[in-house]
Amino acid sequence: MATGVVSAGGIGYSLMRAKESLADRLAPMAGLVAAFVFAVQMLNFPVAAGTSGHLLGGALACIMVGPWAGTVAVAIVLVVQALLFADGGLTALGTNVLLISIIPGWSGLAIFLGLRKMLPSNRGSVVAASFVAALLSVVIAAFAFVILYAVGGTGNAPVNTVLTAMLGVHFLVGLGEGLITALTVGAVVSVRPDLVYGAEDLVPDLAIVPDVAVGRS
Amino acid sequence: MTRKGLTAVVIGGLIVASGLAFFVSPLASSSPDGLEKVATDEGFIDTAEDHDLADGPLADYGVQGVDDRSLSTGLSGVIGVAITFGVALVLFGIFHSRRDGSRAERDARSPAAG
């Protein structure tokens, strides 16, 4: 229940900030990011014998449309999944939003921005930073799960065992997350870097493009 | 290189998303995901409860009444992509109109600022 309150607060705040910061013309991008995350979350990929992983999408969404619209977009995905696809319980929605949208989204974006400061300002850096940030965001989310499990979980398994198992498998899941995130961000950056929150400083090939100057307000 | 418009990028992205949902999702691994696997191994999968809406028309990524499993999964994916895009567009679009309104009011109050 506590996670529900935290998530509701986080998403409420994000909604407010998204309203201020998302340029009007980028609303369709936020919609696209939500739809894309929905689709790719369906694509479970095998990570080890008898185990699969799927995209969380938090880092991807926040790199694409910023920390506020990004977390809201992934939260929308989780609500649609819970209400229409019976995936993710209604009572678990708060926890899911926290672990799939807010924590990986904000931690992933922070790592991404930190890496971009250290790397040269070009497309390759954006792609590399996306990969690493998305990978680590999954490991961080898995770690956050273990903290929640330790604090309020109803299972009986020892926390240490759960920690080792979760981090191990989610490092592998993170490789997939990193790959998908890097490919997606890379694809959009190659056509319109100005539409990517984490790459809007990169100028498109053409020198003077009037509507690019509008940017995020 | 021709510059792609925003609409072209969004439509292209939606086509990719729908394509992944329709053609690739039926091929996705049905093994338990990372969390489910750990929960099973460590014996806390039982703490999950049955879903209240498990009988819905799209429950568990299938379209009720479509017997072909791949088709059912694929269709549910495309429907999900469309619904998610629609919901997000409406939500983010509301900001658009509201913000335009408040900006217009602000401009009206202080014409000198323009």
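The following paragraphs describe the predicted model of a complex containing chains A and B.

Residues are numbered from 1 along each chain as its sequence is written, while chains are lettered from A and ligands numbered from 1 in the order in which they are written. Because the model is predicted, local features need a pLDDT of at least 70 and side-chain atom pairs count only at pLDDT 80 or more, whereas totals for chains, interfaces and linings use all residues.

The predictor assigns the complex an ipTM of 0.88 and a pTM of 0.88. For chain A the mean pLDDT (the predictor's confidence in each residue, from 0 to 100) is 90, with 93% of the residues at 70 or more. Within chain A, helix 1 (residues 2-21) has the lowest confidence, a mean of 89, and helix 3 (residues 58-65) the highest, 98. Chain B averages a pLDDT of 82, and 80% of its residues score at least 70. Among the elements of chain B, the highest mean pLDDT, 95, belongs to helix 1 of chain B and the lowest, 77, to helix 3 of chain B. Over residues 103-114 of chain B, pLDDT stays under 50, and the model has one contact beyond four places in sequence for this segment. Two residues are taken to be in contact if their C-beta atoms, placed from the backbone, lie within 7 Å.

Chain A contains seven helices and two strands. These elements are DSSP runs numbered from the N terminus, a helix being H or I over at least four residues and a strand being E over at least two. Their order from the N terminus is α-α-β-β-α-α-α-α-α. The radius of gyration of chain A is 17 Å, close to the 17 Å that the globule rule gives for 217 residues, so chain A is as compact as a globular protein of that length. This radius is taken over C-alpha atoms, and the globule rule is 2.2 Å times the number of residues to the power 0.38. Along the principal axes, the C-alpha atoms of chain A fill a box of roughly 60 × 35 × 30 Å. Of contacts in chain A between residues at least 6 apart in sequence, 69% join residues at least 24 apart.

Buried residues make up 57% of the 217 residues of chain A. A residue is buried if 20 or more other C-beta atoms lie within 10 Å of its own, exposed if 12 or fewer do, and partly exposed in between, with C-beta atoms placed from the backbone. In soluble globular proteins, nonpolar side chains tend to be buried together. The largest nonpolar core here has 95 residues, and those with the most contacts inside it are A:Ala30, A:Val33, A:Ala34, A:Val37, A:Val65 and A:Ala73. Helix 6 of chain A provides the largest share of this core, 14 residues. Such a core is a set of buried Ala, Val, Leu, Ile, Met, Phe, Trp, Tyr and Cys residues joined through C-beta atoms within 7 Å.

A:Ile140 is located in helix 6 (residues 123-152) of chain A and is buried, with 22 other C-beta atoms within 10 Å. Neighbours within four places in sequence aside, A:Ile140 is in contact with A:Ile103, A:Pro104 and A:Ser107. Between A:Ile140 and A:Leu113 the separation is 27 residues in sequence and 16 Å in space, C-alpha to C-alpha.

At the interface, 52 residues of chain B are in contact with 60 residues of chain A. Helix 1 (6-24), helix 2 (34-41) and helix 3 (69-109) of chain B each supply at least two residues to the side of chain B that touches chain A. Helix 3 of chain B gives the most to this side, with 15 residues. By residue class, this side of chain B consists of 28 nonpolar, 14 polar and 10 charged residues. Ala, Val, Leu, Ile, Met, Phe, Trp, Tyr, Cys and Pro count as nonpolar, Asp, Glu, Lys and Arg as charged, and the others, Gly among them, as polar.

Contacts across the interface include those of A:Ala34 and B:Leu14. Not counting residues up to four places away in sequence, A:Ala34 touches A:Ala73, A:Ile76 and A:Val77 as well as B:Thr84, B:Phe85 and B:Ala88. B:Leu14, in helix 1 of chain B, counts as partly exposed, with 19 C-beta neighbours inside 10 Å. Apart from neighbours within four places in sequence, B:Leu14 is in contact with A:Leu32, A:Ala35 and B:Phe85.

Positive phi values occur at A:Ala86, at about 50 degrees, and at B:Tyr61, near 55 degrees; neither A:Ala86 nor B:Tyr61 is a glycine. A:Ala86 lies in the loop between helix 4 (67-84) and helix 5 (93-118) of chain A and is buried, with 20 other C-beta atoms within 10 Å. B:Tyr61 lies in the loop between helix 2 and helix 3 of chain B and is buried, with 23 other C-beta atoms within 10 Å.
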